[in-house]
Amino acid sequence: MEKLKVGILGGTGMVGQRFISLLEDHPWFEVTTIAASARSAGKTYEDAVGERWKMDTPMPEAVKKITVMNVADVDEVAKDVDFVFSAVDMTKEEIKAIEEQYARTETPVVSNNSAHRWTPDVPMVVPEINPEHMEVIEFQKKRLGTERGFIAVKPNCSVQSYVPALTAWKEFEPYEVVATTYQAISGAGKTFKDWPEMVGNVIPYIGGEEEKSEMEPLRIWGKIEDGVIKPAESPVITCQCIRVPVLNGHTAAVFVKFRKKPTKEQLIEKLREYKGVPQELELPSAPKQFIQYLEEDNRPQVAMDVDFERGMGISIGRIREDKVYDYKFVGLSHNTVRGAAGGAVLCAELLKAQGYIVKK
């Protein structure tokens with residue numbers, strides 16, 4: 001099979017690097033173009049990144065000598081690729097504008113950024129949960145005036161640690177949720193070397209994160225109506241987001257009220273059985289087991305569980321009855337794999353399987 005040619009927009013940053021490391025040896029996709037800011041343009045990828053390679057695996061040989069292009073040269077970057085992943089570091093308005101420019105060159109954009117998460121006809125997808133939302137792309141293409149160009153996004157990294165569990169329990173009708181997320185520093189694009197003041201520290205604020213954690217799940221659970229995605233109205237979610245001294249892995253402590261009270265055994269069974277389209281289609285990046293339940297009292301732990309299913313699986317533990325709410329639990333997901341680049345790669349695989357991404 002001839003591989004699809006992929007461009008990475010914002011390829012020198014941490015999420016861009018994660019895309020490049022995840023796409024090494026990908027069976028369907030090949031990175032042929034890397035674009036970044038003007039200061040990296042014209043250099044080889046190896047020189048542009050220099051000492052700033054943040055992955056724990058070496059930089060793939062295949063990308064080292066690629067000459068980085070200026071992400072602002074939209075037509076140039078788009079002309080030799082079948083689609084692009086977007087991880088650009090710009091203001092929201094700039095990201096919105098440039099992603100639309102790429103889409104209008106008839107280049108599908110699969111974005112890790114938050115800029116288009118609330119554009120009504122842009123699908124925001126966790127492939128195991130709401131793959132049918134990709135159907136809104138047909139309406140988006142009409143608006144953009146494109147044949148094959150569109151934008152699709154993945155949701156915020158922190159929601160992946162609890163939304164899959166709540167989705168698996170939908171039939172029990174969760175209606176009120178309190179979540180606190182304990183978020184890794186790589187979520188800010190940082191390592192401990194870049195951010196020494198995080199060592200032994202906790203910061204009780206991450207800009208914009210609480211609103212995203214409360215609202216984005218409702219959009220994921222929404223329905224397409226009149227060519228746009230209408231968010232669900234329930235459950236009501238309230239959230240606090242805290243930065244903790246962990247490199248990779250967002251943990252969530254969650255309390256839930258259900259209209260139909262399940263047993264603990266039913267909750268665990270639903271998690272273990274839950275699967276979606278990626279598992280049915282055996283997409284290359286799909287975890288075989290989407291959600292694992294850990295029986296031990298001291299799990300999930302970042303150190304032991306963050307790389308479950310190569311970072312693409314979700315770990316849940318400590319389900320127990322609560323005095324105020326019905327149940328409480330702890331969730332864990334890998335924030336730069338499932339929560340960022342890996343989640344976007346899985347979206348692209350789904351889009352290819354659904355026929356939205358094809359060779360130009």
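The exercises below, each with a worked solution, introduce the predicted model of this chain.

Residues are numbered from 1 along each chain as its sequence is written, and side-chain values use heavy atoms, with hydrogens and water left out. Because this is a predicted model, local features need pLDDT of at least 70 and side-chain atom pairs count only at pLDDT 80 or more, while totals for chains, interfaces and linings use all residues.

**Exercise 1. The chain as a whole**

Task: Describe the secondary structure, the compactness and the burial of the chain.

Solution. Begin with the elements, where helices (H or I, at least four residues) and strands (E, at least two) are DSSP runs, numbered from the N terminus: the chain has 12 helices and 14 strands. Next, take the radius of gyration, which is computed over C-alpha atoms and set against the globule rule of 2.2 Å times the number of residues to the power 0.38. The radius of gyration is 20 Å, close to the 21 Å that the rule gives for 360 residues, so the chain is as compact as a globular protein of that length. Its C-alpha trace spans about 60 × 50 × 35 Å along the principal axes.

Then turn to burial, where buried means under 20% relative accessible area, exposed over 50%, and partly exposed in between (1.4 Å probe, protein chains only). Of the 360 residues in the chain, 58% are buried. Finally, count contacts, meaning heavy atoms within 4.5 Å: among those with a separation of 6 or more, 77% join residues that are 24 or more positions apart.

**Exercise 2. Charges**

Task: How many positive and negative side chains does the chain have, and how far apart do the centres of the two sets lie?

Solution. Settle the counting rule before anything else: Lys and Arg count as positive and Asp and Glu as negative, whereas His and the chain ends are not counted. Each charge is placed at NZ of Lys, CZ of Arg, CG of Asp or CD of Glu. On this basis the chain has 46 positive and 54 negative side chains, and the centres of the two sets lie 1 Å apart.

**Exercise 3. Aromatic pairs**

Task: Find the number of aromatic pairs, and describe the pair of Phe29 and Phe83 and the pair of Tyr274 and Phe290.

Solution. A pair of aromatic rings is described by the distance of the centres and the angle of the planes. Rings of Phe, Tyr and Trp (its six-membered ring) pair if their centres lie within 6.5 Å, and planes under 30 degrees apart count as stacked, over 60 as edge-to-face and the rest as tilted. The count by this rule is 12 aromatic pairs.

One of them is formed by Phe29 and Phe83, which are edge-to-face, with 5.0 Å centre to centre and 70° between the planes. Phe29 lies in strand 2 (residues 29-36) and Phe83 in strand 4 (residues 83-86), so this pair ties together parts that are 54 residues apart in sequence. Both Phe29 and Phe83 are buried.

Tyr274 and Phe290 form a tilted pair, with 6.0 Å centre to centre and 40° between the planes. Tyr274 lies in the loop between helix 9 (264-273) and helix 10 (277-281), and Phe290 in the loop between helix 10 and strand 12 (291-294), so the pair ties together parts that are 16 residues apart in sequence. Both Tyr274 and Phe290 are buried.

As a last step, look beyond pairs: Phe19, Trp28, Phe29, Phe83 and Phe85 form one aromatic cluster.

**Exercise 4. Two residues and their surroundings**

Task: Where does Gln160 lie, and which residues does Gln160 touch? Treat Thr251 in the same manner.

Solution. Gln160 is in the loop between strand 6 (151-153) and helix 7 (163-168), and its relative accessible area of 3% makes it buried. Not counting residues up to four places away in sequence, Gln160 touches Val126, Pro155, Ile314, Ser333, Arg338 and Gly339.

Thr251 is placed in strand 11 (residues 250-258) and counts as buried at 18% relative accessibility. Leaving aside neighbours within four places in sequence, its contacts include Thr180, Tyr182, Val302 and Leu332.

**Exercise 5. Backbone details**

Task: Locate the cis peptide bond between Ser234 and Pro235, and state whether Asp25 is buried or exposed.

Solution. The bond joining Ser234 and Pro235 is cis, with omega about 0°, and Pro235 is found in the loop between strand 9 (228-230) and strand 10 (236-243). Asp25, in the loop between helix 1 (14-22) and strand 2, has a positive phi near 65° although it is a residue other than glycine. At 69% relative accessibility, Asp25 counts as exposed.

Technical notes: Contact = heavy atoms within 4.5 Å.
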